[in-house]
Amino acid sequence: MTTLKTSYGHFDDPSREYVITDPLTPSPWINYLGNTRLTAFVSQQAGGLVFYKEPHARRISRYHYMPAAQDQPGFYLYVKDHATGALWNPHFGPTSTPLDSYECRHGLGYTMFVSSRDGLEVSLRLFVPPDDEVMLWDVSVTNRAKESKKLTLSSYLEFGLLESARESFWCYLKNQIGFTYDARENWIKYDYHVFQAPYAPAMFFSCTRQADGFETSRAAFCGRGGSLERPKALLGDGFSGSQIPAGGHGCGVMGVDLELAPGATERFAYMLGVADEWALASVLRKKYSRMEAVDNAFASLQGEWNRKTSLFQAETGDAHVDRFINVWNPLNCQITLERTRDISTDHTGLDGMRYRDTMQDALAMTSIDPEFAKERIRLIFAAQGKDGSGCFSFYPYAPKQRINEEPRRSDNTVWPTMTVTNLINETGDLSFLGEVIPFRDGGEASVYDHILLGLQYIHARRGPHGLPLLAHADWNDGLAVFHDENAESVMLGMQLVHAANLLRDVAIRLGRREDADWCDAVSAELTEKLNAEPVWDGEWYCRLLLSNGMKIGSKSRPQGKIYLEPQVWSVISGVGSDGRGGMAMDAANRLLNTRRGLMIHTPPYTGIPNPEDPLTSNVPGTGENGSIFCHAMTWAIIAECMLGNGDRAFEYYRKLLPSIAAEEEGFEHWGREPYVFTSSVIGPAQEGDFGKAGISWLTGTASWAYIAATQHLLGIQPTFEGLEVKPCLPSHWTGVKVSRRLRGKTYRIEINNATGEVSID
Ligand code: GLC
């Protein structure tokens, strides 16, 4: 195991913050700010970008992904201390001037830098209030030195082209945009001319104090030969008051001169605002020109998060578990549902909203914030075809709905049943099922019928063994390497059983007897086929039946002998309830478990040895080729709980938690944020890299891990009739206390693990 290296930071549990104390983290460790409309992400060096609604065609500021990740530019505050001549940033970069102290506090919906140098303490708190399209930069400066200080503070925000993809082929000449300063409004205006109507908002950058100097041109701020590390405007030349109404690279630079007596503090705020028209932008600017409004906005942001996190609060005696269940997992779920897989340090923001991923992201959010979950579910169903098909991704905020049907995935429409059932169980309200939502290609149907049609679509496309066809791939993208659209998917077969079982109960509640019978028949028929030869491989379930007769995920194969997904879904769906599910999970434990958890399959595919063998796609040990795939591991936790194996379920959960993984693997080696989930972890096939984390933040792991922990390990499940408590705890825990709100009432639950007693108040 790698030796434990510097930790870069720690959790501050009472403040619900992760505090980074070394700005040179192994990768950008980011946080998201936003209100689902105006959204930003920001790293520990204030690198990041901001966009309105979606980052494809409404990206306001720039972030350099290419040619290699640079974590620049971002939301910069420069501090120029005239006595010492030092130019520094409280977030360390981009000047990288050494600081006397540095802290980056990532909290729920905000990030705050608190740093000092030469007796000057500067804090910068970045956030977006719940109700307004404004990103606030709350700045506070205190002079702790014995002498008074003359300072210039300056913002830097780099505007990009709203239509971000165009920027990659129109780089220098930007006739379609312009940047001007208006002293009366004290703002820098970003004017956008291309395709103005209907989606070019009014965008401005402003400050609660009248600017003492400004630049709207990046070139003027940096100066000839200068850079963001050494901007000439702050290193001697002074602000030139540049305006570039006809193109160029714009920026939001506003200088504030201060003279601070010893002990004195000054506070002001910058803001980046967006409105549909300039008159409204002006109203927004005026509103936030008072610090009182900035304070109220922050209080309202905190209120919002208090409401969300108060749904479920656990005391388990394990600090890692508590902080994930109570704080970080809900945050991760919220952001994943907001951002689907579009933008992060790993995603460049050109993809749309993912049909199946977003539906899974909504699963946990149907509990944490049912209204937001419903909003997203409606968007997803509006991207469904009237034949019941889903799609890979879609762009709901494009002027005209855009749909990507490629790459084809067979599992798109199997997930809604799980999410919508959870919603109904949370709210106890069936009315959402009756809500009518149009199809993308004409016609409309109720939510219930959208779900049913989606299952029928999968059911109608089955192969010779009666199992659903793979298309290019099911949930596991890696299966596309087999190039066999007519392969049959065991995992999807099991998921169809599970979905049919869930929908059956809903159908009965709605009095749709025929549908319930259909669900029963599908479930029974598939359960039988899934237990027949050749699906059952003797000790576990195989993964695919290829159309050439070959089995994937079978003892008979030299590589990819066993896959995790069919083992877990055999338990979740009940297909393996005759004891095979338990056997299959034992086999998974024996063959797939590593010090960091369960590999997605083993052995990984290597090389392209002969045309009969699959292509490798990912490097062995990475991604879908033998990594520890966190998303799938969450299902293993659920399955082990359903089998009553609390110790094994907890072992997997513990291994999954990024804060534990970072400690055990070494923070440097783990590499990614210790406070949010990652999609995968490099597996043992890569000896040196084993234990390195993959994509962070935007992963289905977040939603499912929340369900696994709250509904299965702690066992507190919302049902249509009310709360059901069926814990499956590790044997070394003494007990658990939970406060759980359901339908307006808060329940206090105590579980005594020694006696198994549960009290609910
Ligand atoms: C990634 C993808 C998701 C897919 C999974 C397994 O998480 O975002 O769509 O289901 O990998 O391949």
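What follows is a friendly exchange about how some features of this predicted model earn their labels.

Me: Let's start at the ligand. Which residues are around the ligand, and what makes them count as near?
Reply: They are Arg341, Arg354, Arg356, Asp357, Trp475, Asn476, Asp477, Glu624 and Phe629. A residue is near if one of its heavy atoms lies within 4 Å of the molecule, so each of these earns its place by that rule.

Me: How do you sort that shell by class?
Reply: The shell has two nonpolar, one polar and six charged residues. Trp and Phe count as nonpolar, and Asp, Glu and Arg as charged, so Asn476 falls in the polar class.

Me: What makes the approach of aspartate 357 to the ligand a polar contact?
Reply: A polar side-chain atom of aspartate 357 lies 2.9 Å from an oxygen atom of the ligand. The cut-off for a pair of N or O atoms is 3.5 Å, so this pair qualifies. The side chain of arginine 356 has an N or O atom 3.1 Å from a ligand oxygen, and that value also falls within 3.5 Å. Tryptophan 475 takes part through its backbone, where a polar atom is 2.6 Å from an oxygen of the ligand. As for cover, the ligand taken alone exposes 310 Å², and the protein buries 90% of that.

Me: On to the rings. How many aromatic pairs does the structure hold?
Reply: There are 43 aromatic pairs.

Me: Why is the pair of tryptophan 137 and tyrosine 270 called edge-to-face?
Reply: Their planes stand 70 degrees apart and their centres 5.9 Å. Centres must lie within 6.5 Å to pair, and planes over 60 degrees apart count as edge-to-face, so both tests are met. Tryptophan 137 belongs to strand β11 (residues 134-143) and tyrosine 270 to strand β18 (residues 265-275), so the pair ties together parts that are 133 residues apart in sequence.

Me: How do you know whether tryptophan 137 and tyrosine 270 are buried or exposed?
Reply: Tryptophan 137 has a relative accessible area of 0%, and the value for tyrosine 270 is 0% too. Buried means under 20%, so both residues are buried.

Me: Why is the pair of phenylalanine 159 and tyrosine 190 called tilted?
Reply: The angle between the planes is 55 degrees, with 5.2 Å from centre to centre. Stacked needs under 30 degrees and edge-to-face over 60, so this pair is tilted. Phenylalanine 159 lies in the loop between β12 (149-156) and α1 (164-167), and tyrosine 190 in strand β14 (residues 187-192), 31 residues away in sequence. Both residues are buried.

Me: What makes arginine 125 count as lying over a ring?
Reply: Arginine 125 is over the face of phenylalanine 298, at 3.6 Å from the ring centre. The distance limit is 6 Å, so that test is passed. Lysine 308 has its charged end over the ring of tryptophan 305, 5.2 Å from the centre, which is also within 6 Å.

Me: Why is helix α16 described as mostly covered?
Reply: Eight of the eleven residues of α16 (residues 646-656) are buried. Among them are Arg648, Phe650, Tyr653 and Leu656.

Me: What makes aspartate 537 count as buried or exposed?
Reply: Aspartate 537 has 12% relative accessibility. The cut-off for buried is under 20%, so aspartate 537 is buried. Its place is in the loop between α12 (513-531) and β26 (544-545).

Me: And how about histidine 483: buried or exposed?
Reply: Histidine 483 has a relative accessibility of 65%, and exposed means over 50%, so histidine 483 is exposed. Histidine 483 has a positive phi of about 50 degrees although it is not a glycine, and is found in the loop between α10 (447-459) and β25 (488-489).

Me: What about alanine 46, and where is it?
Reply: Alanine 46 has a positive phi of about 60 degrees, and it is not a glycine. Its place is in the loop between β4 (38-42) and β5. With a relative accessible area of 0%, under the 20% limit, alanine 46 is buried.

Technical notes: Residues are numbered from 1 along each chain as its sequence is written. This is a predicted model: local features need pLDDT of at least 70, side-chain atom pairs count only at pLDDT 80 or more; totals for chains, interfaces and linings use all residues. Side-chain values use heavy atoms; hydrogens and water are left out. A polar contact is a pair of N or O atoms within 3.5 Å; within protein, one must be able to donate a hydrogen and the other to accept it, and residues adjacent in sequence count only if both atoms are side-chain atoms. Accessible areas come from the Shrake-Rupley method with a 1.4 Å probe; for residues, only the protein chains shown count as cover. Rings of Phe, Tyr and Trp (its six-membered ring) pair if their centres lie within 6.5 Å; planes under 30 degrees apart count as stacked, over 60 as edge-to-face and the rest as tilted. Helices (H or I, at least four residues) and strands (E, at least two) are DSSP runs, numbered from the N terminus. Buried means under 20% relative accessible area, exposed over 50%, partly exposed in between (1.4 Å probe, protein chains only). A charge sits over a ring if NZ of Lys or CZ of Arg is within 6 Å of the ring centre and within 35 degrees of the ring normal.
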